[in-house]
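Grab your viewer and a coffee: here are some exercises to work through by hand. Try each task before you read its solution.

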Amino acid sequence: MKAFVVEKYGKDGVRAAQVSEPTVGDRDVLVRVLASSINPLDKMVRNGEFKQLLKYRSPFVLGHDVAGVVTRVGSAVRGFQVGDEVYARPRDLRIGGFAEFIAIDQDDVAPKPASLTFQEAAAVPLVALAAWQILVERARVQPGQKVLVHAGAGGLGSTVVQLAQHLGATVATTTDTDTEKLVRSLGADVVVDYTKEDFSKVVSGYDLVLDSVGGANLEKSLTVLKPGGLAIGVVGPPDAGFAKQLGAPSFMGLVMNVLSRKIRKQAKALGVRYQFFFMQASGSQLRKLAALYDSGKLRPVIDSTFPFDRTLEAMAYVERGRTKAGKVVVSMEPDND
């Protein structure tokens, strides 16, 4: 089958290749991939940013989002059968959405939201799971709380804005002039145009800030939290909790804590908290999220769609910052050129 594989870590380390179809384990479903999507995590894995914690063996197929049709099931699989339309974010070390077929553990797969096309469904798994795990599991957002989401027009940001609004929070977001109308339509109550205003001068007293920018933006985000508030970073710096989540040796937790010492110290001085977030695969959560998409509570935001043969071009498009809003999708279906 054709796939896009990481041969070596680095910007030029991905190429198109012919590889063997995946082996299907007892607990696996084999999915014919009809669409995938590009995530910042693809670039980070390609560049080897987590190579000390995620031990991929090259060459390996890249791609963290999948929507497609089940073509085979393992002997221990229950609840899926050939012909089912599914979507998934395969677990770490078993990614591979940029391919014609992928074998996925049954626990990571869920029925595709009936109201979404395969291309729309492929834009959903990673960002929807991240939004759910941040807002529901980690921060336990309650009605009436205040949530600031940076980059609210992005793939993750646009999903978090919608889910936070659904949970009853007051939602603020940063974006630019071109996407202000979009984020308001998604449920943002307060919109800060970062090209014109400094968000830290506009908002204050927030329970949660989600930062996908990092650096100075993350440091400034600490100042808009109320006492005891939580800042969650998805681009770093990582902390000991990240190492523990991946089951890394204890010394790696110490290394992660060194990397995040500065921001944690700043947070403590302000009476707030900082945590790094790295999402986990979950088919059961995708089932809950599918119900929200089918009920209209959530909707995917898609910037553009590329044919499968142009996957590298789609990755470059995202890397160059050309995405205006939402996700870039890769489609295996010929009528989406």
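## Backbone oddities

P237 sits in the loop between β13 (225-233) and α7 (240-245); helices (H or I, at least four residues) and strands (E, at least two) are DSSP runs, numbered from the N terminus. Before going on, note that this is a predicted model, where local features need pLDDT of at least 70, side-chain atom pairs count only at pLDDT 80 or more, and totals for chains, interfaces and linings use all residues. Residues are numbered from 1 along each chain as its sequence is written, and side-chain values use heavy atoms, with hydrogens and water left out.

**Exercise 1.** Find the omega of the peptide bond from G236 to P237, then do likewise for the one from S58 to P59.

*Solution.* Start with G236 to P237: the bond is cis, with omega near 0 degrees. Next, go to P59, in the loop between α1 and β4. The bond from S58 to P59 is cis too, with omega near 0 degrees. As background, most residues other than glycine have a negative phi, and most peptide bonds are trans.

**Exercise 2.** What is the sign of phi at R140, and what is it at A151?

*Solution.* Take R140 to begin with: its phi is positive, about 50 degrees, although R140 is not a glycine. R140 lies in the loop between α3 and β9 (146-149). With 58% relative accessibility, R140 counts as exposed (buried means under 20% relative accessible area, exposed over 50%, partly exposed in between, with a 1.4 Å probe and protein chains only). Now A151: phi is positive here as well, about 55 degrees, and A151 is not a glycine either. This residue is in the loop between β9 and α4, and at 35% relative accessibility A151 counts as partly exposed.

## Strands and a helix

**Exercise 3.** Work out the strand order of the open sheet of three strands.

*Solution.* Count strands as paired if DSSP finds at least two bridges between them. Strand β1 (residues 2-6) and β4 are joined by two bridges and run antiparallel; V5, for one, has V61 in β4 as its bridge partner. The full order is β2-β1-β4, with antiparallel pairing. β2 (14-18) and β4 (60-61) are at the edges with a single partner strand each, so one side of each has no neighbour in the sheet.

**Exercise 4.** Which residues of β14 (residues 273-276) are on its covered face, and how does the strand pair with β13?

*Solution.* Side chains in a regular strand alternate between the two faces of the sheet. In β14, Y274 and F276 make up the covered face, while R273 and Q275 are on the uncovered one. The pairing of β13 and β14 is parallel, over four bridges, and one of the bridge partners is R273 for L230.

**Exercise 5.** Which residues of α11 (residues 311-319) are buried, and what do they pack against?

*Solution.* The buried ones are T311, A314, M315 and Y317. They span an arc of only 155 degrees around the axis (taken from the directions from the helix axis to the C-beta atoms), which puts them on the same side of α11. They pack against β1, α1 (40-46), β15 (302-307) and β16 (327-331). Following α11 comes G321, with a positive phi near 75 degrees.

## Empty space

**Exercise 6.** Describe the largest pocket and the largest cavity, then look at G155.

*Solution.* Use a 1 Å grid over the protein atoms alone: a cavity is a set of points where a 1.4 Å probe fits but cannot get out, a pocket is an open set with protein on both sides within 12 Å along at least five of seven lines, and lining residues have an atom within 4 Å of a point. Grid points are joined across faces, edges and corners, and a volume is the space filled by probe spheres set on the points.

The largest pocket holds about 1200 Å³. Its lining has 45 residues, with P40, A151, G154, G155 and S212 nearest the centre. α1 gives the most, four residues.

One cavity of 30 Å³ or more turns up in the whole structure, and the largest cavity has about 60 Å³. α4 supplies the largest share of its lining, four residues.

G155 is in helix α4 and among the residues lining the largest cavity. At 13% relative accessibility, G155 counts as buried. Its C-alpha is 8.2 Å from that of N39, 116 residues apart along the chain.

Conventions: Contact = heavy atoms within 4.5 Å.
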